[in-house]
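Reader: Hi! Could you walk me through this one while I have it open?

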Amino acid sequence: MQWSVKAVILFLFFLSGTTGLIYEVLWIRMFGLVLGNTTYAISITLGAFFTGLAIGGYLFGRYVDSLVDGTSSGKNPDTKARDGNKVVRMYGYLELGIGVSALFVGVGISSMQELFIWVNRNIESSVTVINITRFFFSFLLLLIPTTLMGATLPVISKFIIRQYQNIGRGVGMIYGINTLGAAIGCLITGFYLIRTFGVSTTVYIGVIINLFIGVLILVLERAKFFNSSADKADINKESDVINHSGNRRKSIKGKECTYQRSTQIIVLVLFGLIGFTSIAYEIVWTRMLSSIFLNSIYSFTTMLVTFLCGLSIGAAISLRLLKKNNDPLFLLSIIEFAVGISAILLIFLFNSLPGMSQTILLLLQAKTSVAWNLNVCAEFILAFMVMIIPCILIGITLPAGSMIITKEIRLLGRGVGSIYSINTVGGILGAALTGCILIPFIGLKFSELTMAGLNIGIGVAFFLCAYNLNKAENRKFSPLKKMIIPIFFSVAVIAGIFCSLKDIRVWDSEGELLYYKEDAAATVSVVREKDGNKKLIVNKKYTLGTSKAVALQKRMGYFPLLLHNNPKEVLVIGMGTGITLSAAASYKSTDTVKCIEVISSVAEAASEFFAIENNMACKNDKVEIIVDDGRNFLLVNKERYDVIMSDLFVPYHAGAGSLYTEEHFKVCKERLNDGGLFCQWLPLYQMSSKEFKIICRTFLSVFPKATLWFCNFEKGFICGLVGTKERLQIDFAALKENMDDAIAKNQFKGAMFGSPEEVLSLFITDDTGLKSFTADSMVNTDNSPVIEFTAPKNLYRFLRNAQNNNITAKLEDKHIGVHNLSVVAGIMKNILPASYYDKPNGSQLNDTVIAADSGSEAEIKNLGYYSEAVHHIATGMLHFYNDEFVEAEDEFLTAWELAPDHLYLRKMFLDLSVRLYQNGNYDETIFINEKLSQSERKDINPFIYFYLGLAYQAQGQVDNAISAYKSAIALDPPNKAAIHYNLGILYRSQGGN
């Protein structure tokens, strides 16, 4: 075949591979929004996608053979040209079919959503039935385009490969180029297309490329461009044919190979197992690397691109190997041994990966900046270090297998289609069983060891097939080849034994590991730190919650309920430690509290290890915990709620952006009862101000009367968007009654709410202020998911601009939260009228959220003082985090004059005194703590007296220090031993015993 023809076809097949991955990435994303983003739902969608590929490869491989049935021997040039034109014309129609059918998948998904919702609501079904329904809908929609995609490899192989001895190298070239196109498609989709053009336009781009390929092929075919492909070498060379008994094929370059039918069947089975292990490795490596990477959409794109690049490189290498090696069975045995051993050895590498990641960053970037693009480069380098060698080896297998399975050149389509389809079926099983069974039951390490052992077994099977084949032909199997089995097997067994003893569960060894589980969705652990604080950690990197933050998490649970006059039915999206859930469960008016958590191990860990902190919420009769995707649960269930509260979701995590979209907020609004409210908490210490604006703008597009509220002022700065169908109107009298109950007072004190004024003083602004704040921002939608794609880049850009000297600092660095705290403080100062600050009468807050005549004039006036105090607290915290302690003290003192009993103010004042003491400013430490101690409140923090005693002791005021320490002991502090120790030193200094 002339290289001009071959080059055109291969380039177009490269483009076809590009569109294939564009569609795969987009369809998994689109189906996830309808079927849910649980591990099972994603596995089902992938299964449906690969099932279509397998069907297409199997059916069209046979069909293309029948289309040009007969050998090339004896055919004249015109006949061969016509045969070639039939095949290439068929390929053109396949590309047109892919483009047209892909265009209608999006429409089908929208229609399927309504049908899927109807099935879930009207048919009493188990999880199994729901999953079967998911697979049926996915398979039905994807059947046509994926079947046509699967048909392209055997069809193109049939057109390009004309001689038997070129099968292995030809398939390697075709498969490698197509896979390289797939890697490029994945790369540009994950890094550029969706972010720039949105989902729908990206689909159109893929469709246009497919239609372009199809039309160009048909135009060239009519212009007889492909007639030159039937060159004289193809015509005059006798094709190599296996006889009809299937026992032997004619010699190639004087060497003779024989493949029994039984051998070919065994090889097909083994290739199914190769497909199984290949996808299993991809899942295991992705899970392991996700605990080191940023865990963003870019991280997952990086890992998939690396996997595909490895396959493409392996296919390219097969061109040389299969040219020199006339024994593909033996080659496959070596490859499988190498895959297994390399997978085992990788386990030794994983413990070193976090350190290697930081080293790579140090080598790539300047010491004073954190650049997003360099972080991406570091992730690519690390992914290549882990995955590239086994992936290259896996990429060699398909071309080699094609040589064995194909009986003769006239049955090339059948051979390539069969091995491709069986390999794909194995991949389907690998995706399903690894994610849903192997990892949850035996963990990541032993899942990898199992796959490695399976590869070793496959290598043994290939070796035995090669040995028996040579024995049957009375040919010698060299002593070196005979030693391969014991050498590789010994190495694998020794490495496997050492790996089985190696613990890769905890890379960060600080603290005591209380709980560890690798389930289908994530790796979850609970660690007790040296100070006794417990952390719930997901994927060894992201902390969902800590026992130290009990007050904050309770605050997040109580606040939305207090804004509603009488909440009965409550939904909590996201469980974490269960402390926020416990607040909803303990609220006196609630009857039913449902909690949706996507990771089952999180619910298990919260129930077992945070039972004290969450007041055994998981066993509360009011509470129902549902393991599901929160968005999908709301979509398919028709129950309505008085309050829906959505937990903190990290915007830069892959998939989290779908919980901040306009479509999701609309569903939440539809699930509210009349008078109900939806509260979306925002982790402003994990997003830039740009994402903050986008989310507020998106929320406002669904809830036009939205309000914005503070939650806390510390470095983990959080605020909440509250949405209602009508303008929020709070009954002050009802709020006061709810908080006056004796039991309720104790509960709210634990959340640092001391009065109705403290609750309502957290108000920042209403829809007027939000509109002004977000005027230049865009809306985050399913079609244009800007949050998920811009958040990682903007966070790194912020750190770079901040010139953070510690380039390995966590993204949760306090400066991000402080920056957003300044943004919110600016909203309060710049948007609200000056009279709001000139006259602390609460007029703005009263007009916005307080129902008419619901509080006395004195209460409303006091509320105004509290609201103004909050502004000074926020300003003071900005000074505090910038180490401007004098300015911070001035702001706190101003707030103190307005609202001396504000619980959060007292906490911030105590924190300031601690920093002043640490800096040796003992006079101010004494001044602040004496002021805090002069209160009629009975819930004085014992640490006030503790730091007062420390400051007195540092100044040599022994009697005052002793008095302060005694007052602290009377309040039963947690650090009583340290206080007694200090008292002992003081008594000894006075000559006591």
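Author: Happy to; we can take the sheet, a helix pair and a few single residues in turn. Keep in mind that this is a predicted model.

Reader: Thanks! What is the strand order in the open sheet of eight strands?

Author: The order is 7-6-5-8-9-11-10-12, and the pairing is mixed. Strand 7 (623-627) and strand 12 (763-765) are the edge strands, each pairing on one side only. On average, neighbouring strands are turned by 20° against each other, direction ignored.

Reader: Which helix packs on the sheet, and what does that helix touch?

Author: Helix 20 (residues 689-702) packs there, touching strand 9, strand 10 (707-712) and strand 11 (718-724). The direction of helix 20 makes about 15° with that of strand 11.

Reader: Nice. Is strand 8 mostly covered or mostly open?

Author: Strand 8 (residues 641-646) is mostly covered, with six of its six residues buried.

Reader: And how many bridges join strand 8 to strand 5, and to strand 9?

Author: Strand 5 (residues 569-573) is joined to strand 8 by four bridges, and the two run parallel. In that pairing, Val 570 stands opposite Val 643. Between strand 8 and strand 9 (residues 672-683) there are five bridges, and these two run parallel as well. There, Met 645 stands opposite Cys 679.

Reader: What about strand 5 and strand 6, in which sense do they pair?

Author: Strand 5 and strand 6 (residues 592-597) pair in the parallel sense over five bridges. Val 572 in that stretch stands opposite Cys 595 in strand 6.

Reader: Switching topic: at what angle do helix 30 and helix 32 cross?

Author: Helix 30 (residues 885-898) and helix 32 (residues 922-933) cross at roughly 15°, and their axes come within 13 Å. Because an angle under 35 degrees counts as roughly parallel, helix 30 is roughly parallel to helix 32. The crossing of helix 30 past helix 32 is left-handed.

Reader: Which residues meet there?

Author: From helix 30 you have Glu 889, Leu 893, Trp 896 and Glu 897, and they meet Glu 924, Phe 927, Ile 928, Lys 931 and Leu 932 in helix 32. The residues of this contact divide into five nonpolar, no polar and four charged.

Reader: Now a charged residue elsewhere: is Glu 379 buried or exposed?

Author: Glu 379 is buried, with a relative accessible area of 5%, and lies in helix 11 (residues 372-405). Leaving out residues up to four places away in sequence, Glu 379 touches Phe 293, Leu 294, Tyr 298, Ser 299 and Thr 302.

Reader: Why would I look twice at a positive phi?

Author: Because most residues other than glycine have a negative phi. Met 616 is one case here, with a phi near 55°. Met 616 sits in the loop between helix 17 (600-609) and strand 7. With 46% relative accessibility, Met 616 counts as partly exposed.

Reader: And what is the phi of Met 752?

Author: Met 752 has a positive phi of about 65°. You will find Met 752 in the loop between helix 22 (742-750) and helix 23 (756-760).

Reader: Buried or exposed, that Met 752?

Author: Met 752 counts as buried, at 14% relative accessibility, so it falls under the 20% cut-off.

Reader: Great, thanks for the tour!

Note on methods: Residues are numbered from 1 along each chain as its sequence is written. This is a predicted model: local features need pLDDT of at least 70, side-chain atom pairs count only at pLDDT 80 or more; totals for chains, interfaces and linings use all residues. Side-chain values use heavy atoms; hydrogens and water are left out. Axes are lines fitted to C-alpha atoms, for helices over the stretch in contact, and angles run from 0 to 180 degrees between N-to-C directions. Angles under 35 degrees count as roughly parallel, over 145 as roughly antiparallel, 65 to 115 as roughly perpendicular and the rest as oblique. A crossing is left-handed if the near helix is turned anticlockwise from the far one by less than a right angle, and right-handed if clockwise. Contact means heavy atoms within 4.5 Å. Ala, Val, Leu, Ile, Met, Phe, Trp, Tyr, Cys and Pro count as nonpolar, Asp, Glu, Lys and Arg as charged, and the others, Gly among them, as polar. Buried means under 20% relative accessible area, exposed over 50%, partly exposed in between (1.4 Å probe, protein chains only). Two strands pair if DSSP finds at least two bridges between them.
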